[in-house]
Amino acid sequence: MALKLPAGWDLISLDSIDSTNAEAMRRAEAGARTPSWVWARRQTAGRGRQGKTWVSEPGNLYCSALLEMALAPQALTQLSFVAGLAVHSAAHCCLADVSRPLDLTLKWPNDLLLNGNKISGILLESTVRPGGSAVVTVGIGLNVGHSPQAETLPYAAGSLATAGASAGLEEALEHLADAFAHWLAVWNEAAGFEAVRDAWMERAHGLGTQVTVNVPDECLVGRFEGLDYDGAMILETDGGAKRRILAGDLFLAPPSPAWS
Ligand code: BTN
């Protein structure tokens with residue numbers, strides 16, 4: 001059965017590819033239409049944040065949204081929160097039939113946690129087409145059917161299936177595509193980043209608590225106050241100073257050396 005995507009979106013569906021982000025970029029440079037989703041059932045060289053590998057065996061969702069937009073750094077930061085909200089909404093829909101209590105939270109900058117275990121990651125990449133227009137690839141991995149082998153990961157991982165969800169990949173992608181179109185519209189057309197920021201903070205992991213944030217060459221400890229109006233994280237350090245952080249890794253407990 002054909003997948004139902006929001007009006008105006010194309011779908012490129014593949015059995016196997018190195019990385020849906022890489023494929024989306026190649027297609028963008030060759031003039032592919034936007035907006036579109038590139039979806040593969042398996043990736044042979046899935047990319048994670050900070051140059052890490054994203055283990056991509058069949059059974060989980062690997063997809064990238066290809067969008068044409070202005071490449072302002074602030075816009076990319078904000079888009080990553082739009083994507084986080086979309087994955088949160090999609091997972092919430094997939095879990096609708098599960099009766100046991102579930103805790104679905106967004107961990108800054110854009111991981112999705114289910115009962116404290118990571119079930120999704122997001123990787124944004126951008127390029128400029130030969131004609132000069134800018135395209136952004138929002139790559140999303142969502143653990144639908146299984147969690148990758150624990151011993152290969154430096155964090156606790158989970159999946160929708162482990163929590164009792166019966167949704168398949170097609171259903172998960174349809175929910176994700178709908179939710180992404182919805183949150184993009186909130187950001188672009190309606191209430192702007194302020195509404196995205198407020199919604200993101202309502203779902204934030206560890207908001208208001210003591211956290212550790214690893215930034216390049218520094219490990220900061222303080223209270224996670226929220227997001228600034230441009231998407232930066234605000235941390236009140238133990239000395240009382242406010243720090244704005246644009247990139248880093250957040251931990252609720254002191255970080256283990258293996259995570260840094
Ligand atoms: C992270 O490290 O948390 C981000 C992981 C992003 C993985 C997704 S899977 C689909 C898309 N294609 C890739 O190669 N990476 C992203």
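Me: I'll start from the rule that two strands pair if DSSP finds at least two bridges between them. With that in hand, which residue stands opposite Lys 242 in β11?

Reply: That residue is Glu 236, and please keep in mind throughout that this is a predicted model. Strand β10, which covers residues 233-237, runs antiparallel to β11, and 4 bridges join the two.

Me: What sheet do they sit in, and what's the strand order?

Reply: They belong to an open sheet of 5 strands with antiparallel pairing, and its order reads β11-β10-β9-β8-β12. The edges are taken by β11 (242-245) and β12 (249-251), and because each has a single partner strand, one side of each is left without a neighbour in the sheet. From one strand to the next, the twist in this sheet averages 45°.

Me: OK, switching to the sheet of 7 strands. How is that one ordered?

Reply: That sheet is also described as open, with mixed pairing, and its 7 strands follow the order β1-β2-β3-β7-β6-β5-β4. Here β1 (10-17) and β4 (104-107) stand at the edges, and since each has a single partner strand, one side of each has no neighbour in the sheet. The twist averages 20° from one strand to the next.

Me: And β1 with β2, parallel or antiparallel?

Reply: They pair in the parallel sense over 7 bridges, with strand β2 spanning residues 36-43. As one example of how they line up, Asp 10 stands opposite Ser 36 in β2.

Me: Now the ligand. Which residues come nearest?

Reply: There are 20 residues around the ligand, and those that come nearest are Ser 19, Gln 43, Arg 47, Arg 49 and Lys 118. For Ser 19, an N or O atom in the side chain is 2.8 Å from an oxygen atom of the ligand, while for Arg 47 a polar backbone atom is 2.7 Å from a ligand oxygen atom. Thr 20 contributes as well, with an N or O atom in its side chain 3.1 Å from a nitrogen atom of the ligand.

Me: How much of the ligand's accessible area does the protein cover?

Reply: On its own the ligand has 420 Å² of accessible area, and the protein covers 97% of that. The elements giving two or more residues to the surrounding shell are α1 (20-29), β3 (61-68), β6 (117-128) and β7 (134-142).

Me: Which element gives the most, and what kinds of residues make up the shell?

Reply: β6 gives the most, with 4 residues. The shell as a whole divides into 6 nonpolar, 10 polar and 4 charged residues.

Terms used
Residues numbered from 1 in each chain as written. Predicted model: local features only at pLDDT ≥ 70, side-chain atom pairs only at ≥ 80, totals over all residues. Heavy atoms only, no water. Axes fitted to C-alpha atoms, helices over the stretch in contact; angles between N-to-C directions. Near = heavy atom within 4 Å. Polar contact = N/O pair within 3.5 Å; in protein donor to acceptor, adjacent residues only side chain to side chain. Areas by Shrake-Rupley, 256 points an atom, 1.4 Å probe, with all protein chains shown as cover. Nonpolar A, V, L, I, M, F, W, Y, C, P; charged D, E, K, R; others polar.
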